[in-house]
Amino acid sequence: MLDGINVTAVLKREAQLPCNITPPTDNDKPHLIFWYREISGSPFYSLDLRDKPLDSGKHVLGDDVRNRMVFRTQPNPAYLLIHEVEESDEGSYRCRVDFRSSPTRYFVVNLTVIVPPISPSILDERGLELGSVVGPYNEGSTLFISCEAKEGWPPPAVTWWRGDILMNGNYEVTSLGIVRNDLVVPALSREHFGATFTCKASNTNLTKPMETSINLDMNCKFEIDVHVENVKPLGVKIHSPRRSLSAGRRYKLQCRSFGSRPLPIMAWWMGDQRLKNTEETTSSDENITTSVLNFKPTSADYGKYLSCRAENPAIQKSGIEDGWTLDIHFIPIVTLELGPSQNKDNIHEGDDVFFECRITANPFAHAVEWKFQNQYLVNNATAGIIINNQSLVIQSAQRNSIGSYKCIAINSEGETQSNVFQLRVKHFPICKTNQITNYGVAKNEAAHILCQVVAYPDKLTYRWAFNHTSHRIPSVTNATESTLLFIPRSELDFGTLMCWATNEIGTQIEPCFYHVIAAGIPDPVYNCTVYNETESSLYVECREGYNGGLMQNFILEINNAITRELKWTFTNPRPLFYVSGLQSGTTLTLNIYASNLKGRSEPVVMNARTRDLVDNSEDNGILALTPILGVLIGVVSALSIVAIAIVIIMRCKVTQIMKQKRIEREKEERSSIPLRKDVDETGDGDEKCPDLIPSSNSKEDQEFPPVEVKCLRNQQSYSQNPYQLENSLPRQTHLPAHTIRNTSDPVQYHNEMSNLYQIKETESTDQHPLEQNPLEPLQWFSPAHKVVSWKIPHTSYGHPEEDVETPLMSNHIPLQQFANSSQRTSVKSPMELSHF
């Protein structure tokens, strides 16, 4: 911990952490006070005293300490009060005080939290826990008992006592953190019979030691004197824990006496009053008598002495007793009163009102709350509300301060509300809110104008005037209201009436105004809407017009649009209607109008229609047959799956058979086609190709433009089986094909060629671009068929603008021109050529 003031507190009790907020000079004052934990840079508690007195500062606390901590500024030094101290509260606290002009002051307070031990346990030499009586022992034997105390911090001191005599003060702390003290009494004698040995465990002087007692029973050899037959009680002890009791709860307290001959009379006393509801039992050897008291304490028992008394009826003044002063916990007893110098019947506007919340509670009330008109009050010096724990100050009380006040006190036992104090403040009259101010009447019609005011005292006189004239008008007065009978005789009698009330404080400053207007029928409603139409209901909503000076109602009439029969009539103080129970699919006519005592307005007519009723009978029938349909669907599905499986198996077998037949047919065709080896070996192999284009010297063929077609050679010969050639060449991605039709007309052929392809002349190269991508023949025909079909591979699928050089083969191109031409044709756009 840090260097500073050391404070010790007991768990679940109070702690006071001092902080000197007294300024160094008389003309200075503290402005801000902060509390910090350890070395944290964020305060958990702050008090703002800027422009405020010490007892009216603004307290800001964290949620985890809001109900347990409060900074007291009135004592000297001031201190931070912590209720119900917890183990986690232990540590260093820093108090920072910022003054208006003096330097900032810091204080360090180190808080140590002491955890009291629980009641110690008494064990025998075998380590077994003993009850309230040990023995019986024989005279001359040795008594060995051990006392152990667990929990508690710091470790408690454990001592043995017999009455006020310390028997053994030596104790040790085991490796398990248990504090132990052994008591050995050698050579027990008759004087030890009934002796009480008490083990006490304590680690602080702030609380009473926790203790456990045991009584010693012995087998004594008495020399009986025939003249001595009676023995007074040797001891009496209340064995129930001596702890705080809660009022209203029921307890059973146990008291034991031993050694009396004959049996003692057991009695429980509270002060000088003997208690009833007791039960006595006696041990089998008639040495121990036990009395049990059924006890339900009240708050009035706080501080009283409760005792258990044992007395031998045969021996006078033989009574002995044991007891303790009761610590009764009870919920607060709260009474709300005015300050002693104030009279509740003589408080005027502008006076300061002092409330005192008188609280009697055990334990003390750690929180006090205030309510006004059942709403919680908070400290607000700006609004003239100052709360200082058990006192409330209303500065400069006004009419809005009138109402019911009460305080609420809270402690660990619960919370209690005080009596309700009705505050009355004397003030001159004011007009009551929410009263009728407009009266619509016709000529020669009486109007009863009611003037209502709020005032205290409520002994009032009234004065009326019409249209700001000073002429007094007689009226009927009754306490806080006055009624004027007013009858307009002409147009000039319509206007404004004014009412003043006067009490002992004075006359109201602003009169109450009441307007007498010529009444008439109301204006029609407008902006009407029909919405949310269903099969049997709908909503109608309109905007209301001028009421004609009188209270108005709104009427909705519903007629059948076909028969014009009136079906329903509804009345509502607002132009909003919900209509249910209508027939579906019906066209309706709605008449909406306003009405007052003078008559009805012109109606607003609307048409509406309820929705047609949807017939769900077919769906219901289907739903009713759902189980049967489910079974049928399951059967059909199963049969379908079986049928599909059979078809798949049959197709697989047929496919296998057809494949086998095709392989056999291919073998037969392959064996029947001779290999061709008539390739000219005298020239360059690259210039050789199958003679697919027959030579023609006809004039018709010479009219075609010269086109060079370079024949590409593959590793396989063109004389191979077409099927083998197709399967031996690699498949290439291709685009859709265009078609060139065969024709004998050279002009038409040339035009088709020019329209379908963009032909350009390119220089002859050693390697044609398509040699890297061999052509894949789709169909194979002999020259006699005059049809050649090629699939043109495209290495850039999706980009038809790229040039792909494609050899054109046709039996219309002269072989001489094909052989001698030094140019070849490049066709733009890949395609499949089909020559029909």
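A salt bridge is taken here as a side-chain nitrogen of Lys or Arg within 4 Å of a carboxyl oxygen of Asp or Glu. All the views below show a predicted model.

**View 1. Arg68, Glu86 and Asp89 are linked in a network of salt bridges.** Within this network, the closest N and O atoms of aspartate 89 and arginine 68 are 3.0 Å apart. Aspartate 89 belongs to the loop between strand E7 (78-82) and strand E8 (91-99), and arginine 68 to the loop between strand E5 (58-61) and strand E6 (69-72), so the pair ties together parts that are 21 residues apart in sequence. Aspartate 89 counts as buried, with a relative accessibility of 3%, and arginine 68 is also buried, at a relative accessible area of 12%.

**View 2. Two further salt bridges are shown, one between arginine 50 and aspartate 48 and one between lysine 598 and glutamate 445.** The search of the whole structure finds 19 salt bridges. The side chains of arginine 50 and aspartate 48 meet at 2.9 Å, N to O; arginine 50 is partly exposed, with a relative accessible area of 40%, whereas aspartate 48, at 15% relative accessibility, counts as buried. For lysine 598 and glutamate 445 the N to O distance is 2.8 Å. Lysine 598 lies in the loop between strand E50 (587-596) and strand E51 (599-600), and glutamate 445 in the loop between strand E38 (438-441) and strand E39 (447-456), so this salt bridge ties together parts that are 153 residues apart in sequence. Lysine 598 is partly exposed, with a relative accessible area of 29%, and glutamate 445 likewise counts as partly exposed, at 30% relative accessibility.

**View 3. Phenylalanine 34 and tyrosine 36 form a tilted aromatic pair.** The count for the structure comes to 11 aromatic pairs. In the pair shown, the ring centres of phenylalanine 34 and tyrosine 36 are 6.4 Å apart and the ring planes stand at 40 degrees, so the arrangement is classed as tilted. Phenylalanine 34 and tyrosine 36 are both buried.

**View 4. Tryptophan 464 and tyrosine 514 make a tilted aromatic pair between two strands.** The distance is 5.9 Å centre to centre, with 35 degrees between the planes. Tryptophan 464 is part of strand E40 (residues 461-466) and tyrosine 514 of strand E44 (residues 512-518), so the contact ties together parts that are 50 residues apart in sequence. Both tryptophan 464 and tyrosine 514 are buried.

**View 5. Aromatic rings also take part in a cluster and lie beneath the charged ends of lysine 200 and arginine 463.** The cluster consists of Phe355, Phe372, Tyr405 and Phe421, which are linked by ring pairs. The charged end of lysine 200 sits over the ring of tryptophan 161, 4.9 Å from the ring centre, and the charged end of arginine 463 sits over the ring of tryptophan 500, 3.9 Å from the ring centre.

**View 6. Ile628, Leu629, Leu632 and Ile633 make a nonpolar surface patch of about 380 Å².** Isoleucine 633 is found in helix H2 (residues 626-672) and is exposed, with a relative accessible area of 52%. An unreviewed UniProt entry lists residues 628-652 as "transmembrane region"; in the model, the chain over residues 628-652 is 100% helix and 0% strand, with its end C-alpha atoms 36 Å apart.

**View 7. Backbone features of the loops include two cis peptide bonds and two asparagines with positive phi.** Most residues other than glycine have a negative phi, and most peptide bonds are trans. A cis peptide bond, with omega about 0 degrees, joins tryptophan 153 and proline 154, and proline 154 is placed in the loop between strand E12 (143-149) and strand E13 (157-162). Another cis peptide bond, again with omega about 0 degrees, joins tyrosine 456 and proline 457, the latter found in the loop between E39 and E40. Phi is near 65 degrees at asparagine 374, in the loop between strand E30 (367-372) and strand E31 (375-376). At asparagine 532 phi is near 55 degrees; asparagine 532 lies in the loop between strand E45 (526-531) and strand E46 (538-543) and is partly exposed, with a relative accessible area of 48%.

Note on methods:
Residues numbered from 1 in each chain as written. Predicted model: local features only at pLDDT ≥ 70, side-chain atom pairs only at ≥ 80, totals over all residues. Heavy atoms only, no water. Phe/Tyr/Trp six-rings, centres within 6.5 Å; stacked < 30°, edge-to-face > 60°. Buried < 20%, exposed > 50% of the residue type's maximum accessible area, 1.4 Å probe, protein only. Helix = DSSP H or I, 4+ residues; strand = E, 2+ residues; numbered from the N terminus. Lys NZ or Arg CZ within 6 Å of the ring centre and 35° of its normal. Patch = residues over 30% accessible without salt bridge, like charges linked within 9 Å, V, L, I, M, F, W, Y side chains within 5 Å. Areas by Shrake-Rupley, 256 points an atom, 1.4 Å probe, with all protein chains shown as cover. UniProt positions renumbered as here; feature names shortened; annotations may be inferred.
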